[in-house]
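Reader: I am in my first year and would like a close look at one part of this model, with its surroundings. Please start from a single residue and work outwards.

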Amino acid sequence: MPPVINKGKCSQCGTCVDICPEDVLFLDPDEESPRVVYPDECWHCASCVIDCPQEAVRLYIPLPMRL
């Protein structure tokens, strides 16, 4: 699953967009928060989760990747 962004917590700082190694996220100034444009490309590295200053990004790791 791709990252999930809590629009209520997101401040549109763009940190998650800048830090993502696969450019999965895109920040459009007209939207409330960044959006996931390439969900299948997510590596589940959690960079966006770790570096988000607002703790607005969550990542749900698929079960096969947890084993």
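**One loop residue and its surroundings**

Author: Ala-46 has a relative accessible area of 21%, so it counts as partly exposed. The buried class ends at 20%, because buried means under 20% relative accessible area. The model is a predicted one, and every value below is computed from it.

Ala-46 sits in the loop that joins strand 3 (35–36) to helix 2 (47–51). Its backbone deserves a second look: phi is positive, about 70°, even though the residue is not a glycine. Most residues other than glycine have a negative phi. Asp-23 also has a positive phi, near 50°, and is not a glycine either. The place of Asp-23 is in another loop, the one between helix 1 (15–19) and strand 2 (25–26).

From Ala-46 the next step is Leu-59. If residues up to four places away in sequence are left out, Leu-59 touches Ala-46, along with Met-1, Pro-2, Pro-3, Cys-42, His-44, Cys-45 and Val-49. Leu-59 lies in the loop between strand 4 (57–58) and helix 3 (63–66). Is Leu-59 buried or partly exposed? Its relative accessibility is 18%, so Leu-59 counts as buried. The cut-off matters here, because a value under 20% is what puts a residue in the buried class. Ala-46, at 21%, is therefore partly exposed, while Leu-59, at 18%, is buried. A contact in the chain's fold need not join residues that are close in numbering: Leu-59 touches Met-1 and Pro-2. Between the C-alpha atoms of Leu-59 and Cys-20 there are 13 Å, and these two residues are 39 places apart along the chain.

One of the contacts of Leu-59 is Val-49, whose place is in helix 2. Seen from its own side, and again without residues up to four places away in sequence, Val-49 touches Val-57, Arg-58 and Leu-59. Val-49 has a relative accessible area of 29% and is therefore partly exposed. Its C-alpha lies 12 Å from that of Asp-18, at a sequence separation of 31 residues.

The loop that holds Leu-59 also holds Ile-61, since both are placed between strand 4 and helix 3. Ile-61 has 27% relative accessible area, so it is partly exposed, whereas Leu-59 is buried. Ile-61 and Pro-2 are 59 residues apart in sequence, yet their C-alpha atoms are 8.6 Å apart. Pro-2 is also among the contacts of Leu-59.

Met-1, another contact of Leu-59, leads to the surface. Met-1, Val-4 and Tyr-60 form a nonpolar surface patch with about 290 Å² of accessible area together. Val-4 belongs to strand 1 (residues 4–5). At 36% relative accessibility Val-4 is partly exposed.

Empty space is the next topic. Rolling a probe the size of a water molecule over the atoms shows where such space is left. Two places qualify here: the structure holds 2 cavities of 30 Å³ or more. About 100 Å³ lies in the largest cavity. Its lining consists of 14 residues, and Pro-3, Cys-20, Cys-42, Cys-45 and Cys-48 are those nearest its centre. Several of these names have come up already: Pro-3, Cys-42 and Cys-45 are among the residues that Leu-59 touches.

Thr-15, in helix 1, offers another set of contacts. Thr-15 touches Asp-51 and Pro-53, not counting residues up to four places away in sequence. Its relative accessibility is 25%, so Thr-15 counts as partly exposed. From Thr-15 to Leu-27 the C-alpha distance is 9.8 Å, with their positions 12 residues apart in sequence.

Last comes charge. How many salt bridges does a search of the whole structure find? It finds 1. Glu-31 and Arg-35 make a salt bridge, with their closest N and O atoms 3.2 Å apart. Glu-31 is partly exposed at 29% relative accessibility, and Arg-35 is partly exposed at 36%.

To return to the start, Ala-46 combines a positive phi with a contact to the buried residue Leu-59.

Key:
Residues numbered from 1 in each chain as written. Predicted model: local features only at pLDDT ≥ 70, side-chain atom pairs only at ≥ 80, totals over all residues. Heavy atoms only, no water. Patch = residues over 30% accessible without salt bridge, like charges linked within 9 Å, V, L, I, M, F, W, Y side chains within 5 Å. Areas by Shrake-Rupley, 256 points an atom, 1.4 Å probe, with all protein chains shown as cover. Salt bridge = Lys/Arg side-chain N within 4 Å of Asp/Glu carboxyl O. Helix = DSSP H or I, 4+ residues; strand = E, 2+ residues; numbered from the N terminus. Buried < 20%, exposed > 50% of the residue type's maximum accessible area, 1.4 Å probe, protein only. Contact = heavy atoms within 4.5 Å. 1 Å grid on protein atoms, 1.4 Å probe; cavity = no way out; pocket = protein on both sides within 12 Å on 5 of 7 lines; lining within 4 Å. Points joined across faces, edges and corners; volume = space filled by probe spheres on them.
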